[in-house]
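This report introduces a structure to a reader who has not met it before. Please view the sequence and the model together while reading.

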Amino acid sequence: MNSKITFIAIFLIFCFSQQGISQIWLDIAARGGYGFSGFYNKNVWDDTEHNNGFNTGYSFGGKLGINIGEHNGIMLETNIMNGVQEFTYKANNAKTPNLTEWQTLDLNALYRFNNTGSYLELGPSMSLVRSVKQSFAGLPLDNSNLYTERYFSAMAGFGGFITGNEFFTLIMGLRLGYCLTDLLGPDTKNLTNPPPAHYQTYDSYSPIQPFFAQFTVEISFGIGAVARANCGRRTYLFGSRYR
């Protein structure tokens, strides 16, 4: 727990230190995302006996926005992320599916800059691994103990305020994320045949680094009179300010 608090606190201190004294207001949001999903493993991606599949994933969760004036804010999010990566292993005139599915609880802290109906966001994420399931040729593999308990990612996104009034705002955008550490646990480096290809032997170890590119939707509600006033003054991509 201490590592989670420290992780978020350092990022918040940095972002707030860049801002002058200004009016602070809060909003909360329900959010979801859907789009591309997968992971990068150099050994398998470079292996001509494997084809990478087209995969999709989704996420859902909530957000607390700590906004400074009309343009700057910190988004604290808790999301459930579901990812999928499928390979096709080609050997002996056969094509065998190799499928990995995972679910994480993501704790995100993003700086968001709002301007003229649009926004840009950037920040870190800590993913707590809830489950990892792998199957080969349709048969499940018992290797869940080979994965880490958490990994860290960098995220960036952009989008716009679509519509709203003094009570709520509909926000849509695109968000990208890439793991900077490893989905596999530290002991897997000592294995001869670690996931995701237990049937292949490579010259060196390569980490598993999840990524995603998702279309996102948020429904945001301002907390208190000050927040509603700021939401009402927003500029939307389709339509003018509410006030």
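## A salt bridge between D27 and K63

In this predicted model, D27 and K63 form a salt bridge in which the closest N and O atoms are 3.2 Å apart. The two residues belong to distant parts of the chain, with their positions 36 residues apart: D27 is in strand β1 (residues 24–40), and K63 is in strand β3 (residues 56–68). D27 and K63 are both buried.

## A salt bridge between R31 and E218

Strand β1 also contains R31, whose partner E218 lies in strand β10 (residues 209–223), so this pair ties together parts of the chain that are 187 residues apart in sequence. The side chains of R31 and E218 meet in a salt bridge, with an N to O distance of 3.6 Å.

Are these two partners buried or exposed? R31 has a relative accessibility of 6% and therefore counts as buried, since the term applies under 20% relative accessible area. E218 is likewise buried, its relative accessible area being 2%.

## R112, E121 and the wider network

A further salt bridge joins R112 to E121, and here the closest N and O atoms lie 2.8 Å apart. R112 counts as buried because its relative accessibility is 2%. E121, at 4% relative accessibility, counts as buried as well.

Which residues do salt bridges with shared partners join into one network? The members are D27, R31, K63, E77, R112, E121, R175 and E218. The pairs described above therefore belong to one network, built from salt bridges that share partners. The structure as a whole holds 9 salt bridges.

## The surroundings of N43

Another site to examine is N43, which is placed in helix α2 (residues 42–45). N43 has a relative accessible area of 17% and is therefore buried, as the value falls under the 20% limit.

What does the side chain of N43 reach? The side chain of N43 comes to 2.9 Å from the backbone oxygen of S204. When residues up to four places away in sequence are not counted, N43 touches Y202, S204, Y205 and S206. S204 thus appears in both descriptions: as a residue touched by N43, and as the one whose backbone oxygen the N43 side chain reaches.

Note on methods: Residues are numbered from 1 along each chain as its sequence is written. This is a predicted model: local features need pLDDT of at least 70, side-chain atom pairs count only at pLDDT 80 or more; totals for chains, interfaces and linings use all residues. Side-chain values use heavy atoms; hydrogens and water are left out. Helices (H or I, at least four residues) and strands (E, at least two) are DSSP runs, numbered from the N terminus. Buried means under 20% relative accessible area, exposed over 50%, partly exposed in between (1.4 Å probe, protein chains only). A polar contact is a pair of N or O atoms within 3.5 Å; within protein, one must be able to donate a hydrogen and the other to accept it, and residues adjacent in sequence count only if both atoms are side-chain atoms. Contact means heavy atoms within 4.5 Å. A salt bridge is a side-chain nitrogen of Lys or Arg within 4 Å of a carboxyl oxygen of Asp or Glu.
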